[in-house]
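This report describes how two protein chains meet and how their interiors are organised. The sequence and the structure are shown first.

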There are 2 protein chains.
Amino acid sequence: MDRFEGFVQRNQERFLSELQGFLHRPSIAAQGLDIEETAEFVAKRLRQAGFESRIIALEGGAPVVFGQIGAGDKTLLIYNHYDVQPPEPLDLWESGPFEAATRDGQVFARGVTDNKGPLMARIQAVEAYQAVFGGLPLKIKFVIEGEEEIGSPNLGHFVAENRELLEDANACLWEGPPKDPAGRPVISLGMKGICYLELSVVGANTDLPSWWGTLISNPAWRLTWALSSLKDQNERITIDGLMDHVIEPNEQEWALLRQMPLEEEQIKKDFGITSFVRGLTGVEANKRHRFEPTCTICGFVSGYTGPGSKTVLPNKATAKVDIRLVPNLTPDLVCGLVRQHLDRRGFTDVEMTPLSQSYPYKSQVDHPWVRRIIEVAREVYGQTPMVGQSPAGGPMYELCGRLGIPGVSAGGVGHSKSNVHAPNENMFVEDYFRAITFTGHLIRALAEI
Amino acid sequence: MDRFEGFVQRNQERFLSELQGFLHRPSIAAQGLDIEETAEFVAKRLRQAGFESRIIALEGGAPVVFGQIGAGDKTLLIYNHYDVQPPEPLDLWESGPFEAATRDGQVFARGVTDNKGPLMARIQAVEAYQAVFGGLPLKIKFVIEGEEEIGSPNLGHFVAENRELLEDANACLWEGPPKDPAGRPVISLGMKGICYLELSVVGANTDLPSWWGTLISNPAWRLTWALSSLKDQNERITIDGLMDHVIEPNEQEWALLRQMPLEEEQIKKDFGITSFVRGLTGVEANKRHRFEPTCTICGFVSGYTGPGSKTVLPNKATAKVDIRLVPNLTPDLVCGLVRQHLDRRGFTDVEMTPLSQSYPYKSQVDHPWVRRIIEVAREVYGQTPMVGQSPAGGPMYELCGRLGIPGVSAGGVGHSKSNVHAPNENMFVEDYFRAITFTGHLIRALAEI
């Protein structure tokens, strides 16, 4: 693979410049900005690398860029996305979010880590591999969507409608996670799903003077009581029946949990806290983080929220509740459990609107492709990668779950201070070229399985 | 008293025009608008009616207009205020809030009912009484403040510093309540106090992605749990020890409760509700409304409250809680009980800031001046007035409680659709002149006690 690395070395300037061109594009899914144009840009770059590529329109959604190349009886599917988060608040950026300025060996741009850096690195790796070795030893298929940052509402439809394009895949290389706070490479073998609910209660036909609190039902109280019944002060989810579906990690997963510690002190320092909930620490904290569902109030609003006092009995209260799902918990199941739980306690006045939903997904730890990807990471990064379930969410189920293949998130370009979704998103240039190297090694290693 | 009524009759046009001149003044306490000028206006009108009057400055507050007139061994204190609520939202007014337009026998203006109408009516009644009878048979003292609509923060100081002006008062005629929904005159013999608290919890040093809900304490949850401990789903206040201080109505008060029904069906229709809390009705509802404290969430805000979903773990949550106080509950006592209650349950992270506070006050039902005022109302209005504790709040304690005299709110100009504190505040002109008549009769009747 020295020749591969030599080629990358000689092309560093061009590769980086291409990435910057990609980063200049403000392809913000939430605002529908520059989406079609960026899809074209990506499809064209795939063709330049030798891919057959096409843009697959989705009704009411951003198009998917599909690309395929190579031959053989093995197929590696690669998932990335070309859309980015909005860059706001703009005044906190030290250089323009789409300027892609470089400073001190870092590139600063919205999307550089999430996820344009990993995507461009992988395309360039395929180009380099072919330039050096004359062809690919396996098939590679890219699925590059444009709605990841708004919850991938159409990825499942895409997979359902284009199954024949995808069903020969053996495994899927997912957009890569950043390194952990200790600088170790991270490999995620699954993601939590989500059931995001809006709960609201309406009372009288208008706000009233608060002295009516004697007799008139207060939506803010009703919602407070309803919420309190979902999770208790000991941080236990108390939605009837929900925790019965949650399974313990298996032996291999426990082993991985022990090998992949949380950087607890660093996390506490970064977030300005002194302890985790229930005083959890060590493997118990890590297990809760990766293998248990959450139930989080993301927002609550009712009545007067300005400065000082206003003696009002509000006529509406609304909360946003995000339940992160682990395997066996599906959005439909959870919606049903919450509704039953509320009704059983007399909270039939609490209206429930599901806002976003996705399934959890967990890849088999001992799948041969998974093991090979982990080995390649160990070689390329020179240290044991941190392997395990991601505590975060993503649409891995829509692609990998529907196809029945493992999804492995590896070979990212970020680090723990990459400011993903925040101002001054950044990556180290060095990590970018390491990601190209990782992909090149992976192509060879997977073909040899 | 026919001559008194004749005089009022002959002066109707002038009296109404004077009131309109008063209503033109935008004396909005919350905005510090036109306050000094309106105090001057009122003091001047008192002098025109024969009062000795002066403006008493209060440090950091709006001045009190004090007026006195008459002679004898009896003194009636009268409380009113010259400030008004802000008129917003302006676009809902059918005529300008300070235009004081008349339509169909009604005057529309901010403050016409609360409380410039009652104030001007009383001054004009004193003028009419003297014009007809040549003098007053008792002393009358006016305390007219300019901060009632912002919670009377300085009225207590005023009373403490000017006790010698006030201590000969036998009773206080308070700003008059509107008629009830059935059109019956209302007399209030007391008001609830208030302990308005802001409760807030701070978590991590920044909002976090919501998947941190596994390990990082969520201020929105902490506050939800803390609030839930203050009042239960059965609408019972559960603050440790608070309800132990609450006393049952005495025999006379029970009798009044039975005589002064809530217009339940009208209230439910007006507010678009089908029942009161706990299905309460009849005298039990009425008793809870007038003799029990409340604990009301007036506002709650945390995290993301816009449209759609945002997966955030908020770093702050704030609620406004208004506890209406009945006799034996003081703001300090209640603050202490809430703090102890929270601490005992581990909610030491809930910060508590008292925002406004006032004492409850209850006048003796069988005080001779109280009985006489009720009799006069029965004569003048031609029907039995609805007598009882007000479910609302006001600074009656600051004046009447500190002086140890009964406070009687009677002789208002409003009706149940007067839109107090709302757009299109209004009164019937007929009710205005009835209020003048009431005050004239009261002067004679109280002197005869």
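Two residues are taken to be in contact if their C-beta atoms, placed from the backbone, lie within 7 Å. The model discussed here is a predicted one.

**Nonpolar cores**

By that criterion, and leaving aside residues up to four places away in sequence, B:I373 touches B:I187, B:V408, B:A410 and B:L442. B:I373 belongs to the largest nonpolar core, which has 89 residues. B:I373, B:V65, B:C172 and B:V408 are the residues with the most contacts inside this core. Helix α4 of chain B (residues 112-133) supplies the largest share of the core, nine residues. Another core, of 88 residues, lies apart from it and includes A:F15, A:L46, A:V107 and A:Y397.

**The interface between the chains**

Where chains A and B meet, 57 residues of chain B are in contact with 57 residues of chain A. On the chain B side, the elements that give two or more residues are β11 (208-209), α7 (219-228), α10 (282-291), β12 (296-303), β13 (312-313), β14 (316-325) and β15 (351-358). The largest share of that side, eight residues, comes from β12(B). By class, the chain B side has 27 nonpolar, 22 polar and eight charged residues.

**Strand pairing**

Strand β12(B) pairs across the interface as well as within chain B, as the table shows.

| Strands | Sense | Bridges | Residues standing opposite |
|---|---|---|---|
| β12(A) and β12(B) | antiparallel | five bridges | A:F300 and B:S302 |
| β12(B) and β14(B) | antiparallel | six bridges | B:I297 and B:V321 |
| β10(B) and β14(B) | antiparallel | ten bridges | B:G193 and B:L325 |

Strand β14(B) thus has pairings with β10(B) and with β12(B). Its cover is extensive in the sense that nine of the ten residues of β14(B) are buried.

**Symmetry**

Chain B is superposed on chain A by a rotation of 180° with 0.0 Å of shift along its axis, at an RMSD of 0.1 Å. The two copies are therefore related as by a two-fold rotation axis. In chain B, the C-alpha nearest this axis is that of B:V301, 2.3 Å from it. Both copies use the same surface, as 100% of the contact residues of chain B recur in chain A.

Methods. Residues numbered from 1 in each chain as written. Chains lettered and ligands numbered in written order. Predicted model: local features only at pLDDT ≥ 70, side-chain atom pairs only at ≥ 80, totals over all residues. Helix = DSSP H or I, 4+ residues; strand = E, 2+ residues; numbered from the N terminus. Nonpolar A, V, L, I, M, F, W, Y, C, P; charged D, E, K, R; others polar. Pairing = 2+ DSSP bridges. Buried ≥ 20, exposed ≤ 12 C-beta atoms within 10 Å, placed from the backbone. Least-squares fit on C-alpha atoms with pLDDT ≥ 70 in both. Core = buried A, V, L, I, M, F, W, Y, C linked by C-beta atoms within 7 Å.
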